[in-house]
Amino acid sequence: MDRIADIWGQRTPHDRGTVWPARVDSHLTDGIPEAEVDRWVVSACLLCSNGCGCEIAVKDGRMVGIRGRATDVINHGRLGPKGLYGSTPFASSADRLTRPLVRDGGQLVPASWESAMGRVVEVSQRLLREKGPLSHGFYTSGQLFAEEYYTLAVIGKAGIGTPHMDGNTRLCTATAAASMKESFGCDGQPGSYTDIDSCDAIFLFGHNMPETQTVLWARILDRLAGGQPPAIVCVDPRRTQVAEAAAASGGVHLAPRPGTNQALMNGLTRELIANGWHDAAWVSERTVGFDDLAATVEPYTPEQVGQICGIDPADLRRAAAIFGTSERVLSTVLQGFYQSHQATAASVAVNNLHLLRGMLGRPGAGILQMNGQPTAQNNRECGADGDLPGFRNWDNDKHVSELARLWNVDPLVIPHWAPPTHAMQMMRYAEQGSISFLWISATNPAVSMPDSARIRRILGGQQCFVVVQDLFLTETARLADVVLPAAGWGEKTGTFTNVSRTVHLSDKAVDPPGEAKSDLDIFLLYAERMGFTDSDGAPLVRWRTPEEAFAAWQECSRGRPVDYTGLSYDKLRGPTGIAWPCNDQAPDGTDRLYTDPVFPSDTDQCENYGHDLLTGGTVTRQEHLAMRPAGRAFLKGAPYQPAHEPVSAEYPLLYSTGRTVYHFHTRTKTARSAALQQAAPDAWVELSETDAAALGITEGDQVAVESPRGRIEVRARIGRVRPGAVFAPFHYGYWDLDAAGPDGGPARDANELTMTVWDPVSKQPLFKTAACRVTKIGDATGPAPAPSTAASAPPQGRPAPATAGGQPTVTRIVTPTPGYPNDPSLGTDSPAPTSTVAGRK
Ligand SMILES: Nc1nc2c(c(=O)[nH]1)N[C@H]1C(S)=C(S)[C@@H](COP(=O)(O)OP(=O)(O)OC[C@H]3O[C@@H](n4cnc5c(=O)[nH]c(N)nc54)[C@H](O)[C@@H]3O)O[C@H]1N2
Ligand SMILES: Nc1nc2c(c(=O)[nH]1)N[C@H]1C(S)=C(S)[C@@H](COP(=O)(O)OP(=O)(O)OC[C@H]3O[C@@H](n4cnc5c(=O)[nH]c(N)nc54)[C@H](O)[C@@H]3O)O[C@H]1N2
Ligand code: SF4
Ligand SMILES: [Mo]
């Protein structure tokens, strides 16, 4: 099979309430036959948050391919195009970083570890002496392993004592975490992928799952092809494959103007209440805040919402009826909400819909506040995103003392006098030079942060010493003072956790190139050279290996909702990943949370006390106590407000950005796979037919897209975005175009145009709302370089250039060995029969 052309692969239909059949996808590079593979090494795919269980093929000390694990609860053997074609080629790429680099006379020159780390430690110690801990900032990732985040968190919080630590998870799933903290008291995914197997309706809120979690979408496609298929409801301003499935399944496509989600959500909530579809008894027993929510949404009649969002009121009514009357509804939420205006309020509104109907904690009734990056969840758990490890509350002295005891340090060392500094604020401090030491690991902010020209100025300036730890000399690494070469996936061991709390182990398969070291070893080296100690003068960081780091993290998680104590590396080498909490009470893990349903909302248990969703104002401990949560969930609302940058005569179009199926972020891995790179070789912008006609633009024309912050020049795709809006992929920086970019030819990075604004609660920057104009600057020489297989395809009925060219992959439909968690004979697909009590019907 060519899995570039056939993104989701062969259908294996399954009926409502049955187990998703297994299908094993594999791909070996250069046509190597399976018999010639030396070893298969247990792992999970690291190219999105789906976390597909897999094995890495090793031959002659090289990673040469990948195959899915039939017995894994997440993917039942399947892999998507990125996993198949994009997982391994990066490793043997000729331009891997193999030695540290230091800046000398303006140039980055190779150096030994001794001298590179020596320089980092020298600057770090000097600044600690002269300016104290607040001079230090750490900006990390959603792509390292749990062991690495936990080590970094301990170094930052107990070694240095700085609150300036965050991850690119701020750009990614800070709102997922925030929405769960606001509604349930704590981060932790309520639902499970198994909910797909038994639901009657699936709502996808701002989530282009067919391109961004292709294997999860295959699970939905298989339900749609089986008996009693679910209705699909799509909330997205583009006609994505989700929207097409909505039309085909008797569901609805709501295409709101970008930036108006909150009005739409208020309309859905009002309809639910007005029609009496909520479960009044459950709501009064299990939640706090109904009356305020009902009053907040009252003005949002379908007609009013239709006006604000530019949708048909009848469609809103129909979507609400599907939510209100289906027996089991599953919702997923992602960047169309998290990166759009009023992000936390709109995502909390999805939780509200479920709470109003008591629609969680039982099979098919689930919420998936999605993640994007493969290990975003671990960063949130381990606290390298600024939060305290183990979902502890920085504002609760009891939680801080627990950590101080665990680490044997003075509680006063652990920063907890104010909320942790979020990434955008850290960049501001670095701009001003108050942060004068910034350590960036496994992220490429010169391309991926909003208003990227400003970010490049900050990182390239003299006011801040910048360390970058990466696999490649990225756009960001080029601006650094010291570059540290890291080992990547398959070259180191560690664990990570997917959207549905499922933990996988990824074993080391091959050695990293040259002198590259694992991120864990780099952090440990820094800790050792800095001489961090605990209160008794013993080394603060006492672990040396990934497994020892995992054990330390397990101890930290003990007794918290995110309990890892029942896991071990050996257990994780077994047939499948395992979902937390996993402990003495739930030794096989937990498929679904809140089956009882008791929420971690009590004042001394919760991860924070909550916020006003409109302003971001914090709820105090006293106010929280006064609400007497007693294990109940919170219903919280907010009125709709227009987005920050309205359209104008000068900038008449709404600008939004996002992804294509074939690339991962700034393409450091996927552009090094020939199949993926050829499928989407260059940037483009999608325009509606209406706007294109008005602007005199035809398919493939060269256009300038401009906002008050910048300009890009790309090809126009006459596409499937709603009139009045445009969509640009953000994957295309400059690393492979030395002559282009800010110093040379025209820019093409979507973030030249995005703005420095963030959600008041989650502090997630908004990549999906800004104003822009589009002008034709050159004639087409052919169609735009946009894939025609997914949402960037031309409108229906228009000719579509074929996107194809993947090397052959192999697919086998298999029956897993009896007894495995996804053995059809077990009837349900649950890794944790002991802890998935059916709960309330
Ligand atoms: N192929 C691929 N897969 C990936 C990734 C990748 O880079 N490439 N990255 C991973 C990561 S880190 C993430 S975070 C996820 C992201 O996954 P998604 O959130 O699914 O991807 P996006 O394309 O960012 O945005 C989703 C949709 O939001 C819509 N949208 C834009 N503005 C609005 C709005 O105001 N309201 C609504 N309702 N919708 C809007 C867009 O039209 C788009 O289709 O994907 C993960 N998977
Ligand atoms: N306009 C716009 N901008 C966006 C978004 C959007 O939708 N629109 N989405 C945002 C989102 S959701 C995300 S997640 C971010 C992603 O943005 P980035 O985090 O910048 O994306 P990546 O390109 O994945 O960068 C990861 C880097 O880590 C390196 N790396 C990979 N593995 C390892 C490892 O094991 N160790 C080390 N040290 N390095 C490693 C890679 O080479 C790469 O340079 O972009 C955000 N920016
Ligand atoms: S769905 Fe995500 S985790 Fe699974 S193979 Fe594709 S990129 Fe990898
Ligand atoms: Mo993300």
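**Two ligand sites and a small sheet**

A polar side-chain atom of Asp236 lies 2.7 Å from an oxygen atom of ligand 1. This is a predicted model, where local features need pLDDT of at least 70, side-chain atom pairs count only at pLDDT 80 or more, and totals for chains, interfaces and linings use all residues. Residues are numbered from 1 along each chain as its sequence is written, chains are lettered from A and ligands numbered from 1 in the order written, and side-chain values use heavy atoms, without hydrogens and water.

Biologist: What share of its accessible area does the protein cover on ligand 1?

Modeller: Take the polar contacts (N or O pairs within 3.5 Å). Gly259 offers a polar backbone atom at 2.9 Å from a ligand oxygen, and a backbone N or O atom of Val661 sits 3.0 Å from a ligand nitrogen. Of the 910 Å² that ligand 1 has on its own (Shrake-Rupley, 1.4 Å probe), the protein covers 100%.

Biologist: Which element gives the largest share of the shell around ligand 1?

Modeller: The shell (heavy atom within 4 Å) holds 34 residues. α7, α15 and β22 each supply at least two of them; helices are DSSP runs of H or I with at least four residues, strands runs of E with at least two. The largest share, three residues, comes from α15.

Biologist: Between which domains does ligand 1 lie?

Modeller: Look at who feeds the shell. Two domains, with bounds from an automatic or database assignment, both give residues, so ligand 1 lies between domain 3 (174–370) and domain 4 (653–778).

Biologist: Which side chain has an N or O atom 2.8 Å from a nitrogen atom of ligand 2?

Modeller: Two side chains face ligand oxygens instead: Asn168 at 2.6 Å and Ser448 at 2.6 Å. The nitrogen contact at 2.8 Å belongs to Asp519.

Biologist: How many charged residues are in the shell around ligand 2?

Modeller: The shell counts 33 residues. Eleven are nonpolar and 17 polar. Charged means Asp, Glu, Lys or Arg; nonpolar means Ala, Val, Leu, Ile, Met, Phe, Trp, Tyr, Cys or Pro; the others, including Gly, are polar. The charged residues number five.

Biologist: Why does ligand 2 lie between two domains, and which are they?

Modeller: Both domains give residues to its shell, so ligand 2 lies between them. They are domain 2 (101–170 + 375–579) and domain 4 (653–778).

Biologist: In the open sheet of three strands, which are the edge strands?

Modeller: The order is β18-β19-β20, with antiparallel pairing; strands pair if DSSP finds at least two bridges. Four bridges join β18 to β19. Pairing on one side only are β18 (494–497) and β20 (578–579).

How values were computed: Polar contact = N/O pair within 3.5 Å; in protein donor to acceptor, adjacent residues only side chain to side chain.
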